[in-house]
Amino acid sequence: MPVDLVAYSMPAREPPWQIDRGRALLEEMTARRSCRCFSDRPVDRQVLELALEIAHSAPSGANRKPWRFVVVDDPTLKKEIRIAAEAEERESYDRRMPRQWLDALEPIGTNWEKPFLEIAPYLVVVFRIDWEMSGEKRVKNYYPAESAGLACGFFLMACHMLGLATLTHTPSPMNFLHTILKRPAGEKPYLLIPVGYPADDCTVPDLRKKPLCEALQWNCSLGKQTNE
Ligand SMILES: Cc1cc2nc3c(=O)[nH]c(=O)nc-3n(C[C@H](O)[C@H](O)[C@H](O)COP(=O)(O)O)c2cc1C
């Protein structure tokens, strides 16, 4: 059954306001970095909840919002997650990752140790929901991976704009999160995002970022380049 239609409009915004706002946003967002050294300074729960509300406003396939955000702040659970993540990461770094992958990670300087999983005040574990039960019926979701990715993008941006640091973490494989957090069968671990403030002595790798001109093309057609 189609739903009723409601009017939709946006606030009237034009250049130069759009340009100024865009530049300010660009400056703010390019200052975002993945944080691997967190402070244990507490985060106001309401601020985290606002960032999660913003994440939950993301578009989703067939409007299913096929994601679950499991917030972990219990020290015992965090420790359990750290132990399991480090066991998988140790195996990956020592045996599973091919040379090429290890070489790609070298400039970032990561290893199997993940102390931030216990130090960051919150771990937001995002699950994508491939299917769920509606009464007795198993209901499939559409584009769960793309939708969960968008929700995570909204979340990372919201945290950054609210002054909170995050890490996009993917201890691989992540099935231990399904077990530890007792998730139902249709939910698949998607990302593990520690959230908090950077430690006072936090550093990040001085990475070269691919410029937009290498990622952007206009009006592509074979044999023709128009993005000069
Ligand atoms: C899908 C995805 C998975 C990632 N997994 C990890 C991870 O497991 N551990 C980690 O330290 N960083 C991880 N990162 C963070 C990247 O290393 C980081 O985004 C990249 O080096 C660029 O640095 P920046 O986020 O500071 O700009 C991941 C990022 C993405 C998007």
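The following conversation goes through a predicted model of one chain with its ligand.

Modeller: This is a predicted model, in which local features need pLDDT of at least 70 and side-chain atom pairs count only at pLDDT 80 or more, while totals for chains, interfaces and linings use all residues. Residues are numbered from 1 along each chain as its sequence is written, and side-chain values use heavy atoms, with hydrogens and water left out.

Biologist: How many helices and strands are in the chain?

Modeller: Helices (H or I, at least four residues) and strands (E, at least two) are DSSP runs, numbered from the N terminus. From that end the elements run α-α-β-α-α-α-β-β-β-α-β-α-β. The chain therefore holds seven helices and six strands.

Biologist: What share of the 228 residues of the chain counts as buried?

Modeller: Buried means under 20% relative accessible area, exposed means over 50%, and partly exposed lies in between, with a 1.4 Å probe and protein chains only. Of the 228 residues, the share that counts as buried is 32%.

Biologist: Which elements cover the buried residues of helix 3?

Modeller: Helix 3 takes in residues 75-96 and reaches 29 Å from its first C-alpha to its last, close to the 32 Å expected at 1.5 Å a residue, where the expected span is 1.5 Å times one less than the number of residues. Its buried residues include Lys-78, Ile-81, Glu-86 and Tyr-93. What covers the buried residues of helix 3 includes strand 1 (67-72), helix 4 (99-105), helix 5 (116-119), strand 2 (122-129), helix 7 (175-180) and strand 6 (187-196).

Biologist: Is Pro-98 buried, exposed or partly exposed, and what is its relative accessible area?

Modeller: Pro-98 is found in the loop between helix 3 and helix 4. From Pro-98 to Gly-163, C-alpha to C-alpha, there are 36 Å in space and 65 residues in sequence. Pro-98 counts as partly exposed, because its relative accessible area is 48%.

Biologist: Why does Thr-166 count as buried?

Modeller: Thr-166 is found in strand 5 (residues 165-166). Leaving aside neighbours within four places in sequence, Thr-166 is in contact (heavy atoms within 4.5 Å) with residues including Arg-33, Phe-38, Leu-156 and Val-195. Thr-166 counts as buried because its relative accessibility is 5%.

Biologist: Which residue has its backbone oxygen 2.7 Å from a polar atom of the side chain of Ser-147?

Modeller: Ser-147 lies in helix 6 (residues 144-161) and is buried, with a relative accessible area of 2%. Not counting residues up to four places away in sequence, Ser-147 touches Pro-59, Ser-60, Gly-61, Pro-66, Trp-67 and Tyr-142. The backbone oxygen that lies 2.7 Å from a polar atom of the side chain of Ser-147 belongs to Tyr-143.

Biologist: Which residue has a polar side-chain atom 2.4 Å from an oxygen atom of the ligand?

Modeller: The residues surrounding the ligand, with a heavy atom within 4 Å of it, include Arg-32, Ser-34, Thr-168, His-169 and Lys-209. A polar backbone atom of Thr-168 is 3.0 Å from a nitrogen atom of the ligand, and an N or O atom in the side chain of His-169 is 3.0 Å from an oxygen atom of the ligand. The residue with a polar side-chain atom 2.4 Å from an oxygen atom of the ligand is Lys-209.

Biologist: What percentage of the ligand's accessible area does the protein cover?

Modeller: Accessible areas come from the Shrake-Rupley method with a 1.4 Å probe, and for residues only the protein chains shown count as cover. On its own the ligand has 620 Å² of accessible area, and the part that the protein covers is 68%.

Definitions and conventions
A polar contact is a pair of N or O atoms within 3.5 Å; within protein, one must be able to donate a hydrogen and the other to accept it, and residues adjacent in sequence count only if both atoms are side-chain atoms.
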